[in-house]
Amino acid sequence: MRVYLPCTLSALAELVAAGELGPAPLTGYAVTPALVEWYVSGDTEELEYVALTEAARASLRMLAAERAEDIEDIKDIKAAGRRVVIAAEVPDDMVKVGTDLEDRGRVRLLEPVPLTKFASVHVDDLDAVPDVEAAMAALPAADAGDDDARFVVDGAEDHELMWYATQEIPYLLT
């Protein structure tokens, strides 16, 4: 099953050093029956894009949490303001799929994901950094129901994530 796992560049560096993404359980996104039911008109490629987008939203929240914790390893503010999603191919029995429509594409991975299962990495281009930074700042107000803040958060999604092969990961981390 193809799963999309939210990440950040600093977390990506840590998982490369560890050789796997973990510990389990991990939250990811995939084309699930609930997602298919919710997005009735899409083909597989469109549904995978929806799952990728959901993972990118989760990555934005991870970035905001890193910022709130004031992680010292972040050497470059541009690295901090870039969403990261890992696409991985994992065995179906490693994935627990929810049946609730509210979960849509959300899945739980029951084991750590080794680097060998990574298919690609998707990362914001540097041009997206100002909008991603603004979205991180607007998250608390958006969560409280502020429509203007939601608009700012949604603005980060106007940027397509760039596709990188797994052998390009070291270049993303320099």
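**Exercise 1. Place Asp-143 in the predicted model, and identify the side chain with which its own side chain makes a polar contact.**

*Solution.* Begin with the secondary structure: in this predicted model, Asp-143 belongs to helix α5. Next, turn to the side chain of Asp-143, which makes a polar contact with the side chain of Arg-61 at 2.6 Å. Finally, consider a pair of C-alpha atoms: those of Asp-143 and Gln-167 are separated by 37 Å, although the two residues are 24 residues apart along the chain.

**Exercise 2. Check whether the end-to-end distance of helix α5 agrees or disagrees with the span expected at 1.5 Å a residue.**

*Solution.* Step one is to take the extent of the helix, which covers residues 129-143 and therefore has 15 residues. Step two applies the rise of 1.5 Å a residue to one less than that number of residues, and the expected span is 21 Å. Step three compares this with the model, where the end C-alpha atoms of α5 are 21 Å apart, so that the two values agree.

**Exercise 3. Describe the course of α5: where does the helix bend, which of its residues are buried, and what follows just after its end?**

*Solution.* First, locate the bend, which is found at Ala-137 and amounts to about 40°; a proline, Pro-140, follows within four residues of that position. Second, list the buried residues of the helix, namely Val-129, Val-132, Glu-133, Ala-135, Met-136, Ala-138, Leu-139 and Ala-142. Third, step past the end of α5, where Gly-145 takes a positive phi of about 105°. As background to that last step, most residues other than glycine have a negative phi.

**Exercise 4. Characterise the largest cavity by its volume, its lining residues and the helices that supply them.**

*Solution.* The search rests on a simple idea: rolling a probe the size of a water molecule over the atoms shows where empty space is left. The count gives one cavity of 30 Å³ or more, and the largest cavity holds about 40 Å³ of space. Its lining consists of Ala-56, Arg-57, Leu-60, Arg-83, Val-153, Ala-156 and Glu-157. Sorting these residues by class gives four nonpolar and three charged residues, with no polar ones. Assigning them to helices, one finds that α3 (44-69) and α6 (147-156) each supply at least two lining residues, and that α3 gives the most, with three.

**Exercise 5. Decide whether Ser-10 is buried or exposed, and set the residue in the context of its helix.**

*Solution.* Ser-10 is found in helix α1, which runs over residues 9-18. Its relative accessibility is 18%, and because the cut-off for a buried residue is under 20%, Ser-10 counts as buried. The buried residues of α1 are Leu-9, Ser-10, Leu-12 and Leu-15. The side chain of Ser-10 makes a polar contact of 2.6 Å with the side chain of Glu-66.

**Exercise 6. Follow the chain beyond α1: what is the sign of phi at Gly-19, and which residue pairs are joined by cis peptide bonds?**

*Solution.* After α1 comes Gly-19, whose phi is positive and near 85°; this glycine sits in the loop between α1 and β2. With a relative accessible area of 29%, Gly-19 is partly exposed, and its C-alpha atom is 8.5 Å from that of Thr-116, a residue 97 positions away in sequence.

The next loop, between β2 (20-21) and β3 (26-29), contains Pro-23, and Gly-22 is found there as well. The peptide bond joining Gly-22 and Pro-23 is cis, with omega about 0°. A cis bond also leads from Ala-24 to Pro-25, with omega near 0°, and Pro-25 likewise lies between β2 and β3. For context, most peptide bonds are trans.

To complete the picture of Gly-22, note that it counts as partly exposed at 36% relative accessibility, and that Gly-22 and Pro-112, 90 residues apart in sequence, are 4.4 Å apart in space from C-alpha to C-alpha.

**Exercise 7. Find the strand that holds Arg-2, and state how far apart Arg-2 and Val-153 are in space.**

*Solution.* Arg-2 has its place in strand β1, residues 2-7, and is partly exposed, with a relative accessible area of 27%. The C-alpha atoms of Arg-2 and Val-153 are 26 Å apart in space, while the residues are 151 apart in sequence. Val-153 has already appeared in Exercise 4, among the residues that line the largest cavity.

Methods
Residues are numbered from 1 along each chain as its sequence is written. This is a predicted model: local features need pLDDT of at least 70, side-chain atom pairs count only at pLDDT 80 or more; totals for chains, interfaces and linings use all residues. Side-chain values use heavy atoms; hydrogens and water are left out. The bend at a residue is the angle between axes fitted to the seven residues ending there and the seven starting there. Buried means under 20% relative accessible area, exposed over 50%, partly exposed in between (1.4 Å probe, protein chains only). On a 1 Å grid over the protein atoms alone, a cavity is a set of points where a 1.4 Å probe fits but cannot get out, and a pocket is an open set with protein on both sides within 12 Å along at least five of seven lines; lining residues have an atom within 4 Å of a point. Grid points are joined across faces, edges and corners, and a volume is the space filled by probe spheres set on the points. Ala, Val, Leu, Ile, Met, Phe, Trp, Tyr, Cys and Pro count as nonpolar, Asp, Glu, Lys and Arg as charged, and the others, Gly among them, as polar. A polar contact is a pair of N or O atoms within 3.5 Å; within protein, one must be able to donate a hydrogen and the other to accept it, and residues adjacent in sequence count only if both atoms are side-chain atoms.
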